Amino acid sequence: MVEHNSQDDNSGEFVSGGRFINTDDPFPIDPDAPVEERQLTIRALLVGCLLGAVIAASNVYLGLKTGWTFGASLFGSIFGFAILKPLSTAAPRWLGGGYFGPKENNVCQSAASAAGSLGLIFTSGFPAAYQLGLLGATPRDDIGRLFTFTVCCAFFGLAFSIPLRKFYILKLKLVFPSGVAAAYTIRSLHVGKNAARDAKKKTKALILSFCFAITLRVVSEYAPGILWDWHIFYTLNRLGWNGIIAAESWGWIWEWTPAFIGAGMLTGINSSYSFLGGSFLAWAIIGPLIVHTGKAFGIPAVTSIPGQMNYASMSLTDPINHPSPRYWLVWPGTLMLLCTSFTEVACNWKSIYSAARVAMGALTERFRGDSFEKTDAEEILDPVPPEDQVPFWLWGGVLVASIIVTCIVMGVQYGQNVGITILAIVFAFIFSFIGCESAGRTNINPVTSIGNASQLIFGGIGKGRGYSVQRGELLNSLSGMLALGAAEQAADMIGDLKTTHLLGASPKAVFCGQLTGAVVSIFMAAGVYVVFSTAYPCINDLSYTTCSFPTPDVQSWRAVGVAVSSSTLPIPPSSGYTAIGLGIAAVISVVAKHTVVPPKYHNWVPNFNAIGIGFIMNICTYPLAMFFGSTIAFFWRRKFFNHYEMYCFAIAAGFIAGEGLGGIVNAVLTIAGVSGAVYGTTIGCPGGLYCG
C-alpha cells in the first residue's frame, strides 16, 4: 500500500532527534581514505543481491500482513558492510579481497534495494485477480506467467529514475529520508576515528536483532497463544467478564511482532499514531455502530464462544444489502488513500509539471535533434564527471527493451491490445513522477493508490470498448500493476541515487548494481508469493472465513477492480456517504498542511494515508505494535540520542528482515506438514483452536 522507511519528515532537511542535518550537498572528501578504484565489483553485486533476496521474502510476508513494505537500504548498508569489510581484509584480491569503501558499499546497498523490490504486485493485484477468478486455479499453475509479468514491471521504474534524478535530487533537492539515512549510515561505518568501533556495534545489533526475530517467529508458531498473540480480552472473558468478548471479535489482540515494532521505530509517531487512530475509529467506533444499526452484519465465530463474532468475512453474496463490516469499511479506507495521495500531488503540481517538462524535453532533444530551451530555473548543473554518469544509450536501451517485452507478454499471455499496453506504460511513467515526488517529500510512496488510480482509468477504457466484466477487471488489474511496479521501482531507485549523490559515488556503477538486483527481484518476489500461496490458500480464496494474512491491499485492489468494471456500483449507500465525508476530510487536512500549518507542526497533522490503512486492515495487532515501537523510539531519541543514533536503525532493520524470513521458514514448514498447526499447542488460543 505504501512504502515508508524512516522517521517522519516534512521539510527540506532531515530531522533526527531534534537535530537538523543538511541533505543537499555531497559529503566532504575524507583526506585519510584511500581512493576507491573499484566501485562496481562482483562481490558487492553478489552480497547485495543475496541481502535483497532476504528483503524480497520479508516484503511479500509483510505486504500480505499489512500492505506496508520496507526498502533494503539500511539492511543492505549495514549487513553488506558486515560481510564485505572482513572479506576485504582476510581474502586475497583474486578471491574478493582488497579495499572496501563507502562507494562500493553504496553499490551493494543499491543492488539489495533493487532485489528487494516488486513485492507489492504480489500483495495487491495478483491475489485480487485470483480471488476474482481472472487467472488460473492457483499461482503455482501460473508460475510462468507470474515471472514474465514481473519482467514487465522490473525495469521501467529503473529507467525512469535516471532522467528524474537531475530534477528531484539536483534541482529540487528533495530529502528522500531513506536515502539520506542510508548515506549517513554508510558514512558512519567507514569514516571517522571511531568508525571501526561503531561499525562493530551496529553490525552486532543488527545480527542479534535479526536472529532474535527469526527465532521468535519460528518458535512461536508452535505456541502462538503464549509467545506471539496475547488474547487479553478472551482471557478476561474466561475470568467472568462476558461482554468483553466483543473486543476480541473486533480484532483487538496484542501481538509480539518484531517486524512491526521495528516498523514503528522507523516510521515515527505521525504515521503510527495515525494508523492506530484509524484502526480505533474503524474497529472500535464505526464498526460496532454500523452493526448495531443494521448497516453491516457479522457471523458467529468458529470458536463457539458465546457472543464471539466474525466481522472480517469478505463474502460478496449481497455486498450492498448485507455487507460485512470489513467490506463496508474498505470503501472509506480506499477513498481516503486516493484523496490523500492525489491531494498531495495537486499541492505540488508545479514541481511535477516542471519535472515532466524537463524529462520530455530531454527525450525530444535526443530523438529529434531539436534544441530544448530550458528556463533559467530548469538549468541543472550535474557535479558527476561524464564518465560516471549513466549514458543515454544504457537507460534508454533498458526502457525500449522493457516496452517491447511488455507489449509481447501482455499480448501473447494476457490478450491485451498493444495500444492499450502502450497507454498503460505512458501512465506508468506519469505515475512514477507522483511516486518520486511523494517519497522525496514525505518518505511515503502511495503505490497502491497509484495502482488504484490506474485501475480507474483503464476500467473506464474497458467499459468504453464494451469489454465483458471479467475482461475489464483483468485489464484494469494488469494496467494498475504496471503503474504500481514502475512507481515502486522509480522511487526506490531514486532514493538510492540520493545516497549516491551524498557519498559522491558513481551513478553509473549504482545503476548497474540496480539492474543486477532487479533480475533477482523477478524470481524472488514471484517465487515467494507462490510459496505463501501454497502454504496459505486463503490468500487467494475468499471462501475462507479466517486467514493468517489480512491482505489489506488485496481488499482495496479487488474493491476498486469490481467497482470500475461492474454495471452497478457495489457499494452500500451508508458506506459510500461515509467514504465521501472522510475523503473530503482527507483533502482538507492535506491542503491545510500545505497552506496554513507551519512546517514545524506538520507532524501533528493526521496522516490520512495511515488512517485509511487502519480502516482497510481488519485486525488491530499491527497498528498497536507500530504504536509501541514508535513510542519507544520517540523517548529513546529524546533521552539518549547518541545511543539511539547508534542502534535504532540497525535493530529495526534486523527485526523487519528477521520476521519476514521467519515467515518464509514457517511457510515451508507448513507445506512440509510439520508446522505449528500440526504439532503446536493451543494454550492461550480462543476456544482451544490453533491461532498461529
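**Exercise 1. Decide whether serine 477 is buried or exposed in this predicted model, and describe its surroundings.**

Step 1. The relative accessibility of serine 477 is 3%, so this residue counts as buried; the class requires under 20% relative accessible area, with exposed meaning over 50% and partly exposed lying in between, for a 1.4 Å probe and protein chains only.

Step 2. The model is predicted, local features need pLDDT of at least 70, side-chain atom pairs count only at pLDDT 80 or more, and totals for chains, interfaces and linings use all residues. Residues are numbered from 1 along each chain as its sequence is written, and side-chain values use heavy atoms, with hydrogens and water left out.

Step 3. Serine 477 is found in helix H19, where helices are DSSP runs of H or I with at least four residues, strands are runs of E with at least two, and both are numbered from the N terminus.

Step 4. When residues up to four places away in sequence are not counted, serine 477 touches Gly125, Ala129, Gln455 and Trp557, a contact being heavy atoms within 4.5 Å.

**Exercise 2. Find which helix gives the largest share of the largest nonpolar core, and examine that core.**

Step 1. A nonpolar core is a set of buried Ala, Val, Leu, Ile, Met, Phe, Trp, Tyr and Cys residues joined through side-chain atoms within 4.5 Å. The largest one has 152 residues, and those with the most contacts inside it are Phe75, Phe126, Phe149, Tyr168, Phe511 and Phe532.

Step 2. Helix H19, spanning residues 469-503, supplies the largest share of this core, with 14 residues.

Step 3. Apart from this core lies another, of 21 residues, which includes Ile290, Tyr311, Leu329 and Cys339.

Step 4. For phenylalanine 126, once its neighbours within four places in sequence are left aside, the contacts are Ile121, Leu135, Leu146, Phe149, Tyr414, Met481 and Tyr529.

**Exercise 3. Determine which residues glycine 517 is in contact with, leaving aside its neighbours within four places in sequence.**

Step 1. Glycine 517 lies in helix H20, residues 507-535, and its relative accessibility of 0% means that it counts as buried.

Step 2. Its contacts, with that exclusion applied, are Cys49, Ala111, Ala114 and Ala115.

Step 3. The C-alpha atoms of glycine 517 and alanine 114 are separated by 4.7 Å, although the two residues are 403 residues apart along the chain.

Step 4. Serine 574, in helix H22 (residues 573-595), has its C-alpha atom 37 Å from that of methionine 265, the pair being 309 residues apart along the chain.

**Exercise 4. Locate leucine 118 and state its phi angle.**

Step 1. Leucine 118 lies in the loop between helix H3 (102-115) and helix H4 (125-131).

Step 2. Its phi is near 75°, a positive value in a residue other than glycine.

Step 3. With a relative accessible area of 0%, leucine 118 is buried.

**Exercise 5. Compare the radius of gyration of the chain with that of a compact globule, and add the overall figures.**

Step 1. For 692 residues a compact globule would have a radius of gyration near 26 Å, and the chain has 24 Å, which agrees; the radius is taken over C-alpha atoms, and the globule rule is 2.2 Å times the number of residues to the power 0.38.

Step 2. The C-alpha trace spans about 70 × 60 × 55 Å along its principal axes, and the chain holds 26 helices and 9 strands.

Step 3. Buried residues make up 62% of the 692 residues.
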